[in-house]
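Colleague: I am new to this structure and would be grateful for a close look at a single part of it. Please then place that part in its wider setting.

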Amino acid sequence: MKKNLVILSGAGMSAESGISTFRDAGGLWDKYPVMQVASAEGYVRDPELVIDFYNERRKQLLDVEPNAGHTGLAELEKDFNVTVVTQNVDNLHERAGSTHVIHLHGELTKVCSSRDPYNPRYVRELKPEEYEVKMGDKAGDGSQLRPFIVWFGEAVPEIETAIGYVEKADIFVIIGTSMNVYPAAGLLNYVPRTAEVYLIDPKPVDTHSMRQIHVIQKGASEGVKELKTEILH
């Protein structure tokens, strides 16, 4: 029986690949007020600005590659039942070969209805040549196509799915997330008492938890390499 390995990944997972993080100094939030490009209100106020912002994020995906951390996690599927729960909207986990990825905050490569964002009938995966969404591009229900992103103040539809896997984890690994964004940060509360917990981050992270946590104070690529030696012994 393979053990269940659940990973919670955040922006630090993709930083080595060159994906701009939002929260670090010089990150995207310094250039754009967060509520302007990551809230339903901002979208209603200036849909064109928001659509262009995500067009640029999407095009950035064409210039970046998964890093050794991403591929290292994908390789663990040989030995574990791996579920990746990610706060990232990029597709680097999938491109590295991970086959079971739950995106809590949406997916850059998908678009949906402005009127009914979570209706699966209107969610569509874009091919790279379609990454430039324009005003006037319509979803199946006739509304403007919008990014399939969970914005501030919106419900996180996949959180229940994620909790279901976290509750069955034998090993739970946190990589590159500040543990300040809820509901994702609350997932640690659902990890079974018997599970081992690892934290991979070059910076100190306050997990707001009394649990014993194995800390690997490294970036994603080096940290995943060390994780593998620890859990594959």
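Modeller: The account below begins with one histidine, H103, and then turns to the cores and the domains.

This is a predicted model, in which local features need pLDDT of at least 70 and side-chain atom pairs count only at pLDDT 80 or more, while totals for chains, interfaces and linings use all residues. Residues are numbered from 1 along each chain as its sequence is written, and side-chain values use heavy atoms, with hydrogens and water left out.

H103 belongs to strand 3, residues 101-103; strands are DSSP runs of E with at least two residues, helices are runs of H or I with at least four, and both are numbered from the N terminus. H103 counts as buried because its relative accessibility is 8%, buried meaning under 20% relative accessible area, exposed over 50% and partly exposed in between, with a 1.4 Å probe and protein chains only. Its side chain makes a polar contact with the side chain of E94 at 2.7 Å, and the side chain of H103 also reaches the backbone oxygen of N88, at 2.9 Å. A polar contact is a pair of N or O atoms within 3.5 Å; within protein, one must be able to donate a hydrogen and the other to accept it, and residues adjacent in sequence count only if both atoms are side-chain atoms. Neighbours within four places in sequence aside, H103 is in contact (heavy atoms within 4.5 Å) with T86, N88, V89, D90, E94 and E158.

The next residue to consider is L104, which is among those with the most contacts inside the largest nonpolar core, a set of 25 residues. Such a core consists of buried Ala, Val, Leu, Ile, Met, Phe, Trp, Tyr and Cys residues joined through side-chain atoms within 4.5 Å. Strand 1 (3-9), helix 8 (159-166), strand 7 (171-175) and strand 8 (196-200) each supply at least two residues of this core, and helix 8 gives the most, with four. A second, separate core has 21 residues, including L61, V64, L108 and W151.

The domain assignment, automatic or from a database, gives domain 1 as 1-19 + 67-105 + 156-232 and domain 2 as 20-63 + 109-149. Their C-alpha centres lie 25 Å apart. Twelve residues of domain 1 are in contact with eleven residues of domain 2, and two residue pairs across this interface are in polar contact.
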